[in-house]
Amino acid sequence: MSRVLYFDCVGGIAGDMALAALLHAGASEARVREAVAAVGVDPARLTVAPGETHALHGLRVHVRLGDAVHAHEHAPSQDHTHAHEHEHAHEHEHEHEHEHTHEHEHTHEHAHEHEHAHEDDHAHTHWREIRARLRDARLTDRTRAHAMRIFERIAHAEAQVHGVAVEDVAFHEVGAVDSLVDVVGVAAALDDLAPDRLVCSPLPLGRGVGRSGHGPIPLPAPATLLICEAAGIPVHGVEPPGETVTPTGAAIAALASAYGPLPAMRPLRTGYGLGSRPVATRPNLLRALLGEEEGAASAGTGGAELLLSANVDDMAPALAEHLLDALFAAGALDVWFTPILMKKSRPAFEVSAIVPAAARDACSAAFFRESTTIGLRAVPIAREKLERTFVTVATSWGPVAVKVSARDGAVLTASPELDDCRRLAAAAGVPLRVVLRAATRAWEDSAGSGR
C-alpha cells in the first residue's frame with residue numbers, strides 16, 4: 001500500500017494556494033513554521049485563516065510584511081515571485097496599509113511611492129543568496145530538496161525570459177519573503193504528508209494581457225509557460241481571462257511524477273487552498289487529495305530510491321559546488337564526493353547521489369549538464385532511517401537546537417546543532433567544544449527530568 005497526493009487544479013495553482021491546500025489536508029502547521037523560521041523568516045509573518053468560495057470551505061494563507069498583510073491581487077491566483085524585469089506601481093497610503101496594483105506576477109524594477117519608511121522591505125535578493133539560505137538552513141533533506149527544485153525551476157525560467165545569467169536573477173524583497181514562505185512551506189508540508197508520489201491535473205491557463213513597466217505582456221506569464229514546457233506539464237485554456245497559474249505554482253506542479261486524471265485511490269484526506277479573488281465560472285481553489293493506492297507506485301513512479309554515481313577525472317574542482325547544488329535542486333536527497341584513483345593512476349573523484357525514483361530523470365540531466373561525465377551508474381537501494389526531531393535547550397550562552405534520533409520511540413543519539421554552537425562560541429569568545437559539551441549536558445538533564 002502506498003500513499004499518493006493529487007493536486008486537482010480546479011481554479012489554478014499558486015504558491016499560497018498549494019500551501020493552504022496541504023495544510024487543510026492535514027500537514028503540520030508547526031512543522032511548516034519551523035521550516036520558515038529555519039530560512040530566516042519570522043514564522044509570525046505567515047497567517048493561516050479559514051475561508052470559503054462558492055460555499056466551499058478551506059484555508060487561505062497570507063504573508064505579513066512588517067505590520068501589513070501582503071494582500072495578493074492576481075486574477076484569480078495570488079502568488080508573488082518577483083524576478084526583476086518589469087515594474088509594479090505600489091502606492092502606500094499610510095504607514096501600514098499597502099495597496100498594491102499587481103497585474104501579474106513578475107516584476108523587475110519596481111516603482112514605489114512611499115509615505116512611510118520601510119526601506120529594508122525593498123531590497124533585492126538574488127537566487128544565489130536564496131540558494132545559500134536553503135543550503136545552510138536546518139531543514140530535513142527532503143524539505144531542502146523540494147525547495148531547491150522549486151526555486152531552481154523559477155530561476156532558470158526567469159533567466160531565460162529576461163536574458164540574464166541564472167545567478168543574477170533577483171527577487172524583490174517583498175517577493176523574496178513571499179516566495180520563501182510559500183516554497184519552503186510547501187516543501188515542509190509535502191515532507192510532513194510524505195506521499196510516495198505526487199500526481200497533478202493538467203494546468204488551467206487563463207489568457208489575457210498584463211501590464212508591466214515595459215508595456216503590456218501576454219498571460220500566462222512567459223516564465224510559467226517555460227516551466228510547463230521544461231517539465232512536460234500538460235495545460236489547457238480557461239475563461240475568464242486572467243492569471244490562473246503563477247511561475248511558483250507551475251514549479252510546484254513540476255514536482256509531480258505524473259499528470260492526468262485522479263488516480264485510483266482510497267481517499268484519506270482532502271484539503272482546499274483558496275484564492276483571494278472570486279471567479280464566477282468556477283471555484284478559485286486548489287484541491288489536494290491524499291489517498292492510498294495498491295500497486296500503483298512502482299520503482300519508476302516514486303516509491304523507491306536509487307544511488308546514482310559517476311567517476312570524474314577531467315572536471316575543474318571549482319565546479320563541484322555548482323554540481324552539488326544542481327543535484328539537490330533536481331531532487332537528490334544527499335550528494336557527496338569521494339577522492340579516487342582511476343586508470344593510469346589519474347586522481348579523480350566519484351560523485352554519488354541518493355535520488356528518489358521520481359527524480360531520476362531530473363538528476364541524471366543535472367549530472368550530464370553540470371559535470372563532464374559521459375556515463376552514470378544507477379543502483380536501487382533501500383534505506384532505514386531513524387526518527388528525527390529537534391528540541392531546543394538553554395545554555396549559559398543562549399539556546400541551542402539538538403537533533404534527537406530514535407527508533408521505535410527509544411532515543412539512540414542526541415546531537416547539538418554545530419552551527420548554533422559555533423555562533424554562540426564566537427559571540428562569547430569561548431571554545432566551541434565548551435558550548436557543545438554544555439548543550440549536550442543540558443539535553444541530558446532535560447531528558448533525565450522526563451522532558
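Here are four short exercises, with worked solutions, on the predicted model shown above.

**Exercise 1. Find out how much space the largest pocket holds and which elements line it.**

Start with the volume: the largest pocket comes to about 1500 Å³. Next, look at who is around it. Its lining is made of 50 residues, and Arg31, Thr140, Arg142, Thr143 and Asp191 are the ones nearest the centre. Now go up to the level of elements. Two or more lining residues come from each of α2 (29-38), α4 (141-162), α5 (173-193), β10 (197-200), β22 (387-395) and β23 (398-407). The largest share belongs to α4, with 7 residues. Last, sort the lining by class: you get 22 nonpolar, 9 polar and 19 charged residues.

**Exercise 2. Do the same for the second largest pocket: which element gives the most to its lining?**

The second largest pocket holds about 390 Å³. It is lined by 17 residues, with Glu152, Arg153, His156, Ala230 and Arg369 closest to the centre. The elements giving two or more residues are α4, α6 (222-231), α8 (320-330) and α9 (360-370). Of these, α4 gives the most, with 6 residues. Split by class, the lining has 10 nonpolar, 2 polar and 5 charged residues.

**Exercise 3. Classify the ring pair Phe337 and Phe349, then decide how buried or exposed each residue is.**

The model has 2 aromatic pairs in total; let's take this one. Check the distance first: the ring centres of Phe337 and Phe349 are 5.6 Å apart, inside the 6.5 Å cut-off. Then the angle: the planes meet at 65°, and anything over 60 counts as edge-to-face, so that's what this pair is. Where do the two residues sit? Phe337 is in strand β19 (residues 334-342) and Phe349 in strand β20 (residues 346-356), 12 residues apart along the chain. Now for accessibility. Phe337 has 28%, which lies between the 20% and 50% limits, so Phe337 is partly exposed. Phe349 has 15%, under 20%, so Phe349 is buried.

**Exercise 4. Work out the strand order in the sheet that contains β22, and say which strands stand at the edges.**

Follow the pairing across: the order is β22-β23-β24, an open sheet of 3 strands with antiparallel pairing. β22 and β24 (410-416) each have a single partner strand, so they are the edges, and one side of each has no neighbour in the sheet. From one strand to the next, the twist averages 30°. To see one contact up close, go to β23 and β24, which pair over 6 bridges in the antiparallel sense. Here you can spot Ser405 opposite Thr413 in β24.

Terms used
Residues are numbered from 1 along each chain as its sequence is written. This is a predicted model: local features need pLDDT of at least 70, side-chain atom pairs count only at pLDDT 80 or more; totals for chains, interfaces and linings use all residues. Side-chain values use heavy atoms; hydrogens and water are left out. On a 1 Å grid over the protein atoms alone, a cavity is a set of points where a 1.4 Å probe fits but cannot get out, and a pocket is an open set with protein on both sides within 12 Å along at least five of seven lines; lining residues have an atom within 4 Å of a point. Grid points are joined across faces, edges and corners, and a volume is the space filled by probe spheres set on the points. Helices (H or I, at least four residues) and strands (E, at least two) are DSSP runs, numbered from the N terminus. Ala, Val, Leu, Ile, Met, Phe, Trp, Tyr, Cys and Pro count as nonpolar, Asp, Glu, Lys and Arg as charged, and the others, Gly among them, as polar. Rings of Phe, Tyr and Trp (its six-membered ring) pair if their centres lie within 6.5 Å; planes under 30 degrees apart count as stacked, over 60 as edge-to-face and the rest as tilted. Buried means under 20% relative accessible area, exposed over 50%, partly exposed in between (1.4 Å probe, protein chains only). Two strands pair if DSSP finds at least two bridges between them. Axes are lines fitted to C-alpha atoms, for helices over the stretch in contact, and angles run from 0 to 180 degrees between N-to-C directions.
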